[in-house]
Amino acid sequence: MSTKDLPLKETAVLKGHEGAVLAARFNSDGNYCLSCGKDRTIRLWNPHRGIPIKTYKAHGREVRDVHVTSDNSKLSSCGGDRQVYYWDVSTGRVIRKFRGHDSEVNAVKFNEYSTVVVSAGYDQSVRAWDCRSHSTEPIQVIDTFTDSVMSICLTKTEIIAGSVDGSVRTFDIRVGREISDNLGQPVNCISLSNDGNCVLASCLDSTLRLLDRTSGELLQEYKGHTCKSFKMDCCLTNTDAHVVGGSEDGLIYFWDLVDASVTSSSRAHSSVVTSVSYHPKDNCMITASVDSTIRVWKT
């Protein structure tokens, strides 16, 4: 795949956030995206037309992560106010607030059926919440980490989490088994390859590491960017041909998955790139930054 197939052309700049944007995510069909940030808001956009649709306000402090259900009807968010919010997308109403984390919450994800939301926090725990229940108690707490949990991925049967303690841990929910892979460096983001076989982990030594999901074997390392003190996303392109990551100097990097060479590095923002999200089907991505913008990129 040459660089002409990579989304390097900026097609829209989404403006509205005041202050750093901490996460931006496509919805499941890629028609919309959500962003959240320091200004305590969550925003829904049509990135392809570059227009804002709705703003969600309820958080008392910065919003660090947001995830929308596969049918686009509900969203979940978390942040500095230690709570996990469960929203109705169309009305903008908060359906429920889940309280239980003792500190800021870094990440949220819905399960495949959108019945459970899983959150990860500075309190060294991962918690699962039942969206259908009126109880605000978590249905599961995983607290085997020894430092802040920064990022989570879910499969049908597993919760995978990356922590500042240097581990990527996989919990099989059906049998209650935990497998831990220690990377020896603080992990600030993880994402799954689209074929589900690999975990990509961003570490604070400015290295992305690709792990085999079944064996835990380190398959490849990707370097060139700067990642030392910020939570920054990483992901794979939708064909799994390239690894994508942001950098603290505002650049976006694409690496060849197999040989780890830098296919492209280009300026995307004027400050730290906090978030990258790849479109589920098309060669398109969105990036978010401390510079308060979200940018849309196409081929």
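In the predicted model, Gln124 is found in the loop that joins strand 11 to strand 12 (126-130). The phi angle of Gln124 is near 70°, a positive value in a residue other than glycine. Most residues other than glycine have a negative phi. With a relative accessible area of 30%, Gln124 is partly exposed, because a residue is placed in that class when its value lies between 20% and 50%. A second residue with a positive phi is Ser114, for which the angle is near 60°. Ser114 belongs to the loop between strand 10 and strand 11 (116-121). In contrast to the partly exposed Gln124, Ser114 is buried, since its relative accessible area is 14% and the limit for burial is under 20%.

The UniProt record, an unreviewed entry, places the feature "repeat: WD" at residues 14-55, 56-97, 98-130 and 266-299. Two of these spans were described by their secondary structure and by the separation of their ends. Residues 98-130 are 0% helix and 58% strand, and the C-alpha atoms at the two ends of this span are 9 Å apart. For residues 266-299, the corresponding proportions are 0% helix and 56% strand, with the end C-alpha atoms 14 Å apart.

Aromatic contacts were examined next. Seven aromatic pairs are found in a search of the whole structure. One of them is formed by Tyr85 and Trp87, whose rings are stacked, with 6.0 Å from centre to centre and 25° between the planes. The pair counts as stacked because its interplanar angle of 25° falls under the limit of 30 degrees. Tyr85 is buried at 2% relative accessibility, and Trp87 is likewise buried, at 0%. Tyr253 and Trp255 also form a stacked pair, with 5.4 Å between the ring centres and 15° between the planes. Both Tyr253 and Trp255 are buried. Tyr85 and Trp87 additionally belong, together with Tyr56, to one aromatic cluster.

The empty space of the model was then considered. Rolling a probe the size of a water molecule over the atoms shows where such space is left. The largest pocket holds about 1,200 Å³ of space. Its lining consists of 41 residues, and Phe26, His67, Lys109, Leu192 and Asn194 are those that lie nearest the centre. Two or more lining residues are given by each of strand 2 (21-26), strand 6 (63-68), strand 10 (105-110), strand 14 (149-154), strand 18 (187-192), strand 22 (234-236) and strand 26 (273-278). Strand 14 makes the greatest contribution to this lining, with five residues. By class, the lining of the largest pocket comprises 17 nonpolar, 17 polar and seven charged residues.

The second largest pocket contains about 390 Å³ of space. It is lined by 21 residues, and those nearest its centre are Arg64, Tyr122, Met150, Phe230 and Lys231. Here strand 2 gives the most to the lining, with three residues. The class composition of the lining of the second largest pocket is eight nonpolar, five polar and eight charged residues.

Notes. Residues are numbered from 1 along each chain as its sequence is written. This is a predicted model: local features need pLDDT of at least 70, side-chain atom pairs count only at pLDDT 80 or more; totals for chains, interfaces and linings use all residues. Side-chain values use heavy atoms; hydrogens and water are left out. On a 1 Å grid over the protein atoms alone, a cavity is a set of points where a 1.4 Å probe fits but cannot get out, and a pocket is an open set with protein on both sides within 12 Å along at least five of seven lines; lining residues have an atom within 4 Å of a point. Grid points are joined across faces, edges and corners, and a volume is the space filled by probe spheres set on the points. Helices (H or I, at least four residues) and strands (E, at least two) are DSSP runs, numbered from the N terminus. Ala, Val, Leu, Ile, Met, Phe, Trp, Tyr, Cys and Pro count as nonpolar, Asp, Glu, Lys and Arg as charged, and the others, Gly among them, as polar. UniProt positions are given in the numbering used here, feature names are shortened, and annotations may be inferred rather than shown by experiment. Buried means under 20% relative accessible area, exposed over 50%, partly exposed in between (1.4 Å probe, protein chains only). Rings of Phe, Tyr and Trp (its six-membered ring) pair if their centres lie within 6.5 Å; planes under 30 degrees apart count as stacked, over 60 as edge-to-face and the rest as tilted.
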